[in-house]
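Student: Could we go through this model step by step, with the reasoning set out before each answer?
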Amino acid sequence: MTRRLISTGSPFEKIAGYSRAVVDGDFVFVSGTTGYDYTTMTMPADVTVQTQNCFKTIGAALTEAGFAMADIVRATYYITDAGDADAVFAVTGAHLGEIRPAATLLVVAGLYKPEMKVEIEVTAKRRS
């Protein structure tokens, strides 16, 4: 299988020179995804809504790549405020609770833009 690039149309993809996801064999690597609502190109203020938007974008990228959420084997969560961890975990648990990928949560000093409160990246492996 050849390497395939997946785009969600984010203007950041061209500016920064990355793909939303890269399919390589039985794996798909989904880039760090923030909480933008790409239908309105707005960033909600609420971290819960941002996290839900992350999964909406990740889900769309996985689907386009021919994968499912159940294929996720690794997740990394970046948040800018440790106080948001429980809200983020509520959403990640709703999406990945039964899948239970290996995961890491990092509290970082900041993300690319100050309104970004959460960023999520995942790796998925196609099930045989």
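Student: Which helix and strands do the buried residues of H3 pack against?

Tutor: In this predicted model, the buried residues of H3 are Ala85, Val88, Val91, Thr92 and Leu96. Taking contact as heavy atoms within 4.5 Å, these buried residues pack against helix H2 (47–65), strand S4 (72–79), strand S5 (102–107) and strand S6 (118–125).

Student: Why do the buried residues of H3 lie on the same side of the helix?

Tutor: An α-helix has 3.6 residues a turn, so residues three or four places apart point the same way. The buried residues are Ala85, Val88, Val91, Thr92 and Leu96, while the face turned away from the buried side carries the exposed residues Asp86, Ala90 and Ala94. The buried residues are on the same side of H3 because they cover an arc of only 135° around the axis.

Student: How far apart are the end C-alpha atoms of H2, and what span should its 19 residues have?

Tutor: At 1.5 Å a residue, the 19 residues of H2 should span 27 Å. The expected value agrees with the distance between the end C-alpha atoms of H2, which is 27 Å.

Student: Which elements do the buried residues of H2 pack against?

Tutor: Buried residues of H2 include Val47, Cys54, Phe55, Ile58 and Leu62. The buried residues of this helix pack against strand S1 (4–6), strand S2 (21–24), S3, S4, H3 and S6.

Student: Which residues are the closest to the centre of the largest pocket?

Tutor: The largest pocket has a volume of about 200 Å³, and its lining has eight nonpolar, four polar and two charged residues. Of the 14 residues that line this pocket, the closest to its centre are Phe12, Ala16, Tyr18, Tyr112 and Met116.

Key. Residues are numbered from 1 along each chain as its sequence is written. This is a predicted model: local features need pLDDT of at least 70, side-chain atom pairs count only at pLDDT 80 or more; totals for chains, interfaces and linings use all residues. Side-chain values use heavy atoms; hydrogens and water are left out. Buried means under 20% relative accessible area, exposed over 50%, partly exposed in between (1.4 Å probe, protein chains only). Helices (H or I, at least four residues) and strands (E, at least two) are DSSP runs, numbered from the N terminus. The arc is that of the directions from the helix axis to the C-beta atoms. On a 1 Å grid over the protein atoms alone, a cavity is a set of points where a 1.4 Å probe fits but cannot get out, and a pocket is an open set with protein on both sides within 12 Å along at least five of seven lines; lining residues have an atom within 4 Å of a point. Grid points are joined across faces, edges and corners, and a volume is the space filled by probe spheres set on the points. Ala, Val, Leu, Ile, Met, Phe, Trp, Tyr, Cys and Pro count as nonpolar, Asp, Glu, Lys and Arg as charged, and the others, Gly among them, as polar. The expected span of a helix is 1.5 Å times one less than its number of residues.
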